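User: I'm new to reading protein models and I get lost when I try to take in everything at once. Could you pick one part of this one, look at it closely, and then show me what surrounds it?

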Amino acid sequence: MNDRVVRIMEFLVNNDKAEVNILAELLDVSRVTLRKDLDKLEKSGIIKRHHGYASLEGADDTSKRIAFCYPIKRRIAKSAAQIVEDGETVMIESGSCCTLLAEELASMHKNITIITNSLFVANFIRNFRNIKIIMLGGYFQPESQVLVGSIVTKYARNFFIDKLFIGADGFIQDQGFTGRDYLRVETVMGLVRCVNKVYILTEAAKFKRRGAYNLIQFNKLTGVITNDDIPIEAESSMLKNNVKVLKVPSVDEKQKLYQFPGLPPINKEKERGTGNGY
């Protein structure tokens, strides 16, 4: 997505909704151009269009999470895509960073197979014709559009998977990553046993939170891709346990230079409750 779309999403995160005429003026584009950008975002399920304005209201939970800290999540996804090679089969669990990774892989590779238990992920990249998508069966959680349970793990054992990418809800120093939903955590633990290389994609803010359940131990984890606001103690803990840490910039240099005319600078790190889900 281009910088203009990123700015639209940041504006919606900070203002809940935006009138089309005002947003076009702030972005210095025609209403026709703006409507094309809004159409793309709506087709992806990230925003909702209304008469004369756009908003995050009515978007599902995963779509809303994608909008929060979107530039960071996009950079994390781009970084993760660089470690995937043509011809590989990768498993992508669920969550906003993982969804954007799937889109990056679908747009840059021609011979990738993506296995997922997330209906949202599969639907998000459904229009790309240059990749194979395999859905794993299981118990359906409608709020997150994820399939969970032992059936997911059973199906996963039928494939040779090069890499598994998962998200996380929190982190406990010297212990590892955590999740909030027991069934999803149980499913991830089963998927981890099916692969050799496991990567967590998560923004640095998650390192200051805790989930109720252990998600993955350090000795099962290959690497973590996050942004450079990660707490020093957390990074040291992972490096001490031989977990690779890849960091992307929290703020892009170009994005430091702009703000909407007549408005205060955008608060790019504004956080809101995201409920369950990575």
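Analyst: **Strand β4 and its surroundings**

Of the 278 residues in this protein, 54% count as buried. Keep in mind that you're looking at a predicted model. It has 11 helices and 15 strands, so let's start from one strand and work outward.

Our pick is β4, which covers residues 89-92. Is it covered on one face or both? Both faces are covered: Thr89 and Met91 are buried on one side, and Val90 and Ile92 are buried on the other.

Next, the neighbours. Strand β5, residues 112-116, runs parallel to β4, and 4 bridges join the two. Put your finger on Met91 and look across into β5: its bridge partner there is Ile115. How does the chain get from one strand to the other? Helix α6, residues 96-108, belongs with them, and β4, α6 and β5 together make a right-handed β-α-β unit.

β4 also pairs with strand β9, residues 163-166. These two run parallel as well, with 3 bridges between them. Met91 is a handy landmark again, since it stands opposite Leu164 in β9. So Met91 has Ile115 as its partner in β5 and faces Leu164 in β9.

Let's follow β9 a little further, to its aromatic ring. The structure holds 7 aromatic pairs. One of them joins Phe165 and Tyr199, which are stacked, with 5.5 Å from centre to centre and 20° between the planes. Phe165 sits in β9 and Tyr199 in strand β12 (residues 198-201), so this pair ties together parts that are 34 residues apart in sequence. Are these rings buried or exposed? Phe165 has 0% relative accessibility and counts as buried, and Tyr199 is buried too, at 8%.

Another pair, Phe177 with Phe207, is edge-to-face: 5.5 Å centre to centre, with 70° between the planes. It also links distant parts of the chain, with Phe177 in strand β11 (residues 176-179) and Phe207 in the loop between β12 and β13, 30 residues apart. Phe177 is buried with a relative accessible area of 2%, and Phe207 counts as buried at 7%. Ring pairs link these two with Phe171 and Phe218 into a cluster.

Links between parts that are far apart in sequence fit a wider pattern here. Among contacts between residues at least 6 apart in sequence, 64% join residues at least 24 apart.

Stay with the loop between β12 and β13, which is also where you'll find Glu203. Is Glu203 buried or exposed? Its relative accessibility is 7%, so it counts as buried. Which residues touch it? Leaving aside neighbours within four places in sequence, Glu203 is in contact with Ile72, Lys73, Ile76, Cys97, Thr226 and Asn227.

Cys97 brings up sulfur. How many disulfides does the structure hold? It holds 0. Cys97 is in no disulfide, and the nearest cysteine sulfur, that of Cys98, is 7.0 Å away. A disulfide needs the two sulfur atoms within 2.5 Å. Cys97 is buried, with a relative accessible area of 2%, whereas Cys194 is partly exposed at 21%.

Before we stop, here are two loop residues that make a nice contrast with each other. Most residues other than glycine have a negative phi. Gln145 isn't a glycine, yet its phi is positive, at about 60°. Asn242 is another non-glycine residue with a positive value, near 65°. Gln145 lies in the loop between β7 (139-141) and β8 (146-148), and Asn242 is in the loop between α10 (232-240) and β15 (244-248). Which of them is buried and which is exposed? Gln145 has 18% relative accessibility, and the cut-off for buried is under 20%, so Gln145 counts as buried. Asn242 is exposed, with a relative accessible area of 68%.

Finally, step back to the outside. The accessible surface of the protein comes to about 13,000 Å², and 48% of that belongs to carbon and sulfur atoms. If you want to retrace the route, go back to Met91, hop across to Leu164 in β9, and then find the stacked rings of Phe165 and Tyr199.

Terms used. Residues numbered from 1 in each chain as written. Predicted model: local features only at pLDDT ≥ 70, side-chain atom pairs only at ≥ 80, totals over all residues. Heavy atoms only, no water. Buried < 20%, exposed > 50% of the residue type's maximum accessible area, 1.4 Å probe, protein only. Contact = heavy atoms within 4.5 Å. Areas by Shrake-Rupley, 256 points an atom, 1.4 Å probe, with all protein chains shown as cover. Pairing = 2+ DSSP bridges. Right-handed = clockwise from strand over helix to strand, strands pointing away. Phe/Tyr/Trp six-rings, centres within 6.5 Å; stacked < 30°, edge-to-face > 60°.
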